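This briefing is for a reader who is new to the structure shown below. It goes through selected features, grouped by topic.

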Amino acid sequence: MVRRITSSPLTLIGLVIVLIIIVCALFAPLIATHSPTEVNLQSKLEAPSTSHYFGTDEVGRDIFSRIVYGTRISLRIGLLVVLIAFPIGTILGAIAGYFGGGVDQIIMRITDVFLSFPGIILAMSIAAALGPSIENVMLALAATWWPWYTRIVRSSVLSIKNAEFIEASRALGANPFRILFKEIIPNSIGPATIQASLDLGFVILAAAGLSFIGLGAQPPSPEWGAMLSNSREILRDAWWAATFPGLAILLTVLGFNLVGDGLNDVLDPKQR
Amino acid sequence: MLLDVKDMSLSLKREGKYIRILDQISFHVNEGETIGIVGESGCGKSMTALSLMRLLPDKARLEGKVVLQGDEITSFSKRKLEKVRGNQMSMIFQNPLTSLNPLQTVGIQIEESIILHTKMGKQQRRKRVLQLLNEVGLPRSEELIDDYPHQLSGGMRQRIMIAMAMACEPQLLICDEPTTALDVTVQAQILELMNEIKKETQMGIIMITHDMGVIAEVCDRVIVMYAGKIVEEAPVIELFLNPKHPYTLGLLDSIPKMGIRKQKLGSIPGTVPSPEKMPTGCRFVDRCSHAMDQCRNTLPEMIEINENHYTACWLYDEEVNKSGSIGSQKPETAFHY
């Protein structure tokens, strides 16, 4: 399996990007050259140089260091949102698919409600209602993300719930709860797991978007979306202040996407 | 008596209507006895097995009585039934390739029913699993216990299925076409294993199959089913030597025989009628070469012909035989050894 992942150059690139991001997040204090929040008005709006790799912003903070620290925020948002949304969506989807009938109707109509308006709008309204902070952004994104997993898991549960090994397990005297957690869920989360790896990137993008419009991370937090937002007004004087945070978002989303696609190719037997 | 089934009927809901799939099935199984249930596809063999286990869809209606070791399990709650399944009665399924969870090792899957039904500790359970693997004729059990299903062949997987079903030493084992999906050589091995298990455990076995060869190999008594009803019941040798019901004759006639190359292999014209369009009289009437008026109008009752040999056919009804000269219409024995 490892060989199959590394044999695709695109997946390999994605993997390298993701690894770099993880390393940045883990060792941010060692990699960053300056403090991410230290204001130094004497060196404001400096162009990229050897002392400030990505230049400085309008109050003289080192952009490179801020981006490095920003990986911590973005990764944390991505992971936590997926870790909240994935189990909720999976369990609800499995229950809906396995038990069917009224339970199925109720769960799926609720997911329909969530899916019926654009995710980012829903997240915006939830985040705005809860008040701007990173935690609320995470809550808002988790609340908009779980219905996708419910749908995916439900459909794969439907395709395996009449499998003979499920019947065999009932014939051995297993109760529905045991069958759900030991047979149904492990055998139907494959596609949802792939979706989750793709979603890490999209969640980071959405969080950056919410921060950009002021609903997420608040200054002086080195969140990429917030950095982009701040550098909007000085774009004409200091291209670097907006470019590098933007590139960071782009590369992160690209990295997780490539890895997700790679996983899809490896795990989906139909595409082999 | 181990299992006594009385007037069991099963109806399934289709397009708002209940359709009767099984019609007043009655039979019994003694301790240590192997009962064969034969019939074509769609005649209700598998449904009989699933009804006994009560592994039925939600919209099924089951009537009649099933008594297992003195307990009327038809009245059991779902919870109570879970304690019976896998413990007092177990089932082996047709396709060993799809009957095992692909994500768990075979050891864990065999262990499952031990966990569900006993209070054995971890060490004990592992010992029991190893013992079971040996009993079903799988060598290298120490390595095999940690293998995944896809690493094993079809025959090995069916042995695993048998081990799973045997784990709690059930008194009744229901086998739904256990050899149909296997190679002929492997089939023979599995049947031999079943015979050995039977000898050792005194377990009652219900063997569901469409293969008369399997019946001859392992069964003591045979039930022939047609379109959801039992049409003939006899000890195995009696059935092969002296089959009565035209349907049984047809089935026996469709077996290719060694040494005799006939121009055309016998076959029964037509197919099993669908449950929605069941004839009012004998259900076999449209395919039977001996059909009489009586057959179209009234359903024949089961009558005893010889000792322990029953059939439901008007040809053997005394009244009918007295009034007409249809004795000559009695089918000839079709099976020769």
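**The sheet of chain B**

In strand S4 of chain B, the residue that stands opposite B:Ser11 is B:Arg61. The model is a predicted one. The points below begin with the sheet around this pair, then turn to the loops, the helices of chain A and the contact of the two chains.

*Strand order and pairing*

- The open sheet has four strands of chain B, in the order S2-S1-S4-S5, and their pairing is antiparallel.
- Strand S2 (17-29) and S5 of chain B are at the edges with a single partner strand each, so one side of each has no neighbour in the sheet.
- Helix H1 of chain B, residues 45-53, packs on this sheet and touches S1, S2 and S4 of chain B. The direction of H1 makes about 80° with that of S2(B).
- Strand S1 (residues 3-14) of chain B pairs with strand S4 (residues 60-68) of chain B in the antiparallel sense, and eight bridges join them.
- Another residue pair across strands is B:Leu10 with B:Leu62, the latter in S4(B), which stand opposite each other.

*The hairpin of S4 and S5*

- S4(B) also pairs with strand S5 of chain B, residues 71-72, in the antiparallel sense over two bridges.
- B:Val67 has B:Glu72 in S5(B) as its bridge partner.
- Two residues lie between the strands of the S4(B) and S5(B) hairpin, in which B:Gln69 takes a positive phi near 50°.

**Loop residues with positive phi in chain B**

- Most residues other than glycine have a negative phi. The two residues below depart from that pattern, as their phi values show.
- B:Glu169 is not a glycine, yet its phi is positive, at about 45°. Its place is the loop between helix H6 (154-166) and strand S7 (172-176) of chain B.
- Is B:Glu169 buried or exposed? B:Glu169 has 11 other C-beta atoms within 10 Å, and a residue counts as exposed at 12 or fewer, so B:Glu169 is exposed.
- B:Gln202, also a residue other than glycine, has a positive phi near 60°. The loop that holds B:Gln202 runs between helix H7 (184-201) and strand S8 (204-209) of chain B.
- B:Gln202 is exposed, because 11 other C-beta atoms lie within 10 Å.

**Two crossing helices in chain A**

- Helix H2 (residues 9-26) and helix H4 (residues 63-99) of chain A have axes that come within 7 Å and cross at roughly 105°. H2(A) and H4(A) are therefore roughly perpendicular to each other.
- Where do H2(A) and H4(A) meet? On H2(A) the residues are A:Ile21, A:Cys24 and A:Ala25, and on H4(A) they are A:Val68, A:Thr71, A:Arg72 and A:Leu75.
- By class, this contact of H2(A) with H4(A) has five nonpolar residues, one polar and one charged.

**Where chain B touches chain A**

- In the contact of the two chains, 21 residues belong to chain B and 14 residues to chain A.
- On the side of chain B that touches chain A, two or more residues come from each of helix H2 (78-84), strand S6 (89-92) and helix H3 (106-117) of chain B.
- H3(B) gives the most to this side of chain B, with four residues.
- By class, the side of chain B that touches chain A has nine polar, eight nonpolar and four charged residues.

Key
Residues numbered from 1 in each chain as written. Chains lettered and ligands numbered in written order. Predicted model: local features only at pLDDT ≥ 70, side-chain atom pairs only at ≥ 80, totals over all residues. Contact = placed C-beta atoms within 7 Å. Nonpolar A, V, L, I, M, F, W, Y, C, P; charged D, E, K, R; others polar. Axes fitted to C-alpha atoms, helices over the stretch in contact; angles between N-to-C directions. Parallel < 35°, antiparallel > 145°, perpendicular 65-115°, else oblique. Pairing = 2+ DSSP bridges. Buried ≥ 20, exposed ≤ 12 C-beta atoms within 10 Å, placed from the backbone.
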